[in-house]
Amino acid sequence: MSGIDSTSIACEVTWVHKRVLALDIGGTKLAAGVVAEDGRVCSFLQRRSLAERGPDDMLDRLFALGHEALAAAGSGGLHAVGIGCGGPLDTERGLVQGPPNLPGWDEIAVAERAEQAYGVPARLENDGVAAAIGEYRHGAGRGARSMVYLTVSTGVGGGAILDGRLMRGRSGNGGEIGHMVVVHDGRPCPCGSRGCIEAYCSGTSIAARARELLDDGADSALARVATLTAADVSRAAADGDPMAAALWDDTTEILGTGVASLSNLFEADVLVLGGGVTRSDDQLLLPVRERVDELAFEFAGERCRVVLSELGEQVGVIGAAAAAFDTFGR
């Protein structure tokens, strides 16, 4: 996957009164960045997750990446650490409790280990919820009264901010939008259910569905690709490959159905789509909008703008930083 092992410096900052080191734990990539109070990213780095190595190896490499991000940002104070990770989580105790895309991450005290690594307080937050906070405050949700954020990446997650209030749920694990069931008795999902949005629309699931079709004898140029990704499928679909185009159409139809349901449920001002699969831009956005126009109630669909994330690949660190600022004070 090109671009994962990368560094980018978004702004030149030598001193900011309060800065947060933000860490993003994903099934495909790890990211670290130093973020100022106003959402400016002072440094940003990514590495492959190598999730098969387990939590100890991943955390060692993540914390080392965080130290690199601090060095790249230059001198300045460190206020706290913010960490985004897929759920389920115990955010109050800072524990990761067995996310489907992170095998072996059972009762891992991530926040405590981060505090030991950096000597400042740490906040663990659901990565979809953190991204929603970041997008609401610093991205496509700025100025909105209500916003829903949906990340379509290795998995599918998100968060909702209604009338300016983040919806967390009783245990703090609310916002699992990716596990809305959209196909009755459909494909198995990593969460243990069937027919979830994630089972059809995540990057992992798109690639798996393509491979299944090829194994069943489908004729496609994708047969020549050794390790299929969702990006391969979207490119082949854009190039007119019949199998890939049919798979992509099915994916956007299912995703659009879920987005229309979210529009009806929340009647938000804006619904933001982010994550790696959305890098296909209009190839994904336009058919999703068409599906929303078709299925959403008029009062909801006409007022809900469906847009792509403005924060792109940095949304995870910006959101994790915003969650830390909210917890430990601005």
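**A friendly note on one strand and two helix pairs**

1. Let's start with strand β2, residues 19-25: seven of its seven residues are buried, so the strand is largely enclosed by the rest of the structure. Please keep in mind as you read that this is a predicted model.

2. Which way do the residues of β2 point? Arg19, Leu21, Leu23 and Ile25 point one way from the strand, while Val20, Ala22 and Asp24 point the other way. In a regular strand, side chains alternate between the two faces of the sheet. Residues pointing either way from β2 are buried, and that includes Arg19 and Asp24.

3. Next, look at how β2 pairs with strand β3, which spans residues 29-36. The two strands run in the antiparallel sense and are paired over seven bridges. To find your place on screen, look for Leu21, which stands opposite Val34 in β3. The link from β2 to β3 is a hairpin of three residues.

4. In which sense does β2 pair with strand β5, residues 80-85? Here the pairing is parallel, over six bridges. A handy landmark is Leu23, whose bridge partner in β5 is Ile83. So you can trace β2 pairing with β3 in the antiparallel sense and with β5 in the parallel sense.

5. Now for the helices. Helix α1 (residues 55-73) and helix α2 (residues 110-118) have axes that come within 11 Å and cross at roughly 45 degrees. That angle makes α1 oblique to α2. The crossing of α1 past α2 is right-handed.

6. Which residues make the contact of α1 with α2? From α1 come Asp56, Leu59, Leu62, Phe63, Gly66, His67 and Leu70, and from α2 come Val110, Arg113, Ala114, Ala117 and Tyr118. Sorted by class, this contact has eight nonpolar, two polar and two charged residues.

7. Further along the chain, helix α6 (residues 230-238) packs against helix α7 (residues 242-266) at an angle of about 110 degrees, with the axes 7 Å apart. This makes α6 roughly perpendicular to α7. In this pair, α6 passes α7 in a left-handed crossing.

8. On the α6 side, Ala230, Val233, Ser234, Ala236 and Ala237 meet Ala244, Ala245, Leu247 and Trp248 of α7. By class, the contact of α6 with α7 has eight nonpolar residues, one polar residue and no charged residues. Try picking out these side chains on screen, then go back to the contact of α1 with α2, where two charged residues take part.

Conventions
Residues numbered from 1 in each chain as written. Predicted model: local features only at pLDDT ≥ 70, side-chain atom pairs only at ≥ 80, totals over all residues. Heavy atoms only, no water. Axes fitted to C-alpha atoms, helices over the stretch in contact; angles between N-to-C directions. Helix = DSSP H or I, 4+ residues; strand = E, 2+ residues; numbered from the N terminus. Parallel < 35°, antiparallel > 145°, perpendicular 65-115°, else oblique. Left-handed = near helix turned anticlockwise from the far one by under 90°. Contact = heavy atoms within 4.5 Å. Nonpolar A, V, L, I, M, F, W, Y, C, P; charged D, E, K, R; others polar. Buried < 20%, exposed > 50% of the residue type's maximum accessible area, 1.4 Å probe, protein only. Pairing = 2+ DSSP bridges.
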